[in-house]
Amino acid sequence: MVEMIKKNANDLDHQFRYEISKKVGAKSLLNCIQCGVCSSGCTVTEYVDMQPHRVVASCLLGLKEEVLSSQAIWTCSLCHRCTERCPKNVDYSFILALLRNMSVKEGRIPKEYSGTVVTIYNNGFVIPFTGGLKDNIDRRRNRMGLPEFIGPNLDEIRFIIEETGLGDLAKEKEDK
Ligand code: SF4
Ligand code: SF4
């Protein structure tokens, strides 16, 4: 069931739609006609707390807080189907990526994502290449006559993470 949001007009962020549109250009959400095609074809539509057309409507209405705190912006698999099917050329999948960035800037990031950033920062891999996993892979490579696996350059990986602005997040988590 769709939950009704009651909000005072003064609490709406009327600049939110322009903040997003400015970065999207011609494929802006300002073109949306609320046809719902994005939601009907969305591959994760049954798992999100706010379907794509509702996220777009909420952005247009200025419900910034609701959008940035929704799990919908993180559940999206970025398959781009909504963007391909939209009759008004709204680039919803790109808009979602922007919303994620905005959310992170405000310090909101699901722990699964921040945990992955920390693991990559510390090990260079999404899953630490150590212990039994490393032994197993080394053994198999050896059996196949492959050269020893050389891990990624951690300094370079950390540099990239720092440049994206996620370095502080990784360090913050490390300190805890
Ligand atoms: S498919 Fe496009 S026009 Fe239709 S609701 Fe979604 S974003 Fe709006
Ligand atoms: S990109 Fe995201 S929102 Fe769009 S159809 Fe795919 S899962 Fe759904």
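The axis of a helix is here a line fitted to the C-alpha atoms over the stretch in contact, and the angle between two axes runs from 0 to 180 degrees between their N-to-C directions. The exercises below concern a predicted model.

**Exercise 1. Determine how helix 1 and helix 7 are oriented to each other, and which residues make their contact.**

Step 1. Two packed helices are described by the angle between their axes and the distance between the axes. For helix 1 and helix 7 the angle is about 120°, and the axes lie 10 Å apart.

Step 2. Angles of 65 to 115 degrees count as roughly perpendicular and those over 145 as roughly antiparallel, while angles that fall in none of the named ranges count as oblique. Helix 1 and helix 7 are therefore oblique to each other.

Step 3. The crossing in which helix 1 passes helix 7 is right-handed. On the side of helix 1 the contact is formed by Ile20, Lys23 and Val24, and on the side of helix 7 by Phe94, Ile95 and Leu98.

Step 4. Sorted by class, the residues of this contact comprise 5 nonpolar and 1 charged, with no polar residue among them.

**Exercise 2. Describe how far helix 3 is covered, and name the elements against which its buried residues pack.**

Step 1. A residue is taken as buried if 20 or more other C-beta atoms lie within 10 Å of its own. By this criterion 7 of the 10 residues of helix 3 are buried, and the helix is mostly covered.

Step 2. The buried residues are Pro52, His53, Arg54, Val55, Val56, Ser58 and Cys59.

Step 3. Their packing partners are helix 1, helix 2, helix 4 (64-68), helix 5 (72-75), helix 6 and helix 7.

Step 4. Just beyond the end of helix 3, Gly62 adopts a positive phi of about 95°.

**Exercise 3. Set out the surroundings of ligand 1 and then those of ligand 2.**

Step 1. Ligand 1 is surrounded by 15 residues, of which Cys32, Cys35, Cys38, His53 and Cys86 are the closest. Helix 2 (37-41) and helix 3 (52-61) each contribute at least two residues to this shell, and the largest share, 3 residues, comes from helix 3.

Step 2. The classes in the shell of ligand 1 are 11 nonpolar, 3 polar and 1 charged.

Step 3. Around ligand 2 there are 13 residues, the closest being Cys42, Cys76, Cys79, Cys82 and Ser93. Two or more residues of this shell come from each of helix 6 (81-85) and helix 7 (92-105).

Step 4. The shell of ligand 2 divides into 8 nonpolar, 4 polar and 1 charged residues.

Terms used:
Residues numbered from 1 in each chain as written. Chains lettered and ligands numbered in written order. Predicted model: local features only at pLDDT ≥ 70, side-chain atom pairs only at ≥ 80, totals over all residues. Near = placed C-beta within 6 Å. Helix = DSSP H or I, 4+ residues; strand = E, 2+ residues; numbered from the N terminus. Nonpolar A, V, L, I, M, F, W, Y, C, P; charged D, E, K, R; others polar. Buried ≥ 20, exposed ≤ 12 C-beta atoms within 10 Å, placed from the backbone. Contact = placed C-beta atoms within 7 Å. Parallel < 35°, antiparallel > 145°, perpendicular 65-115°, else oblique. Left-handed = near helix turned anticlockwise from the far one by under 90°.
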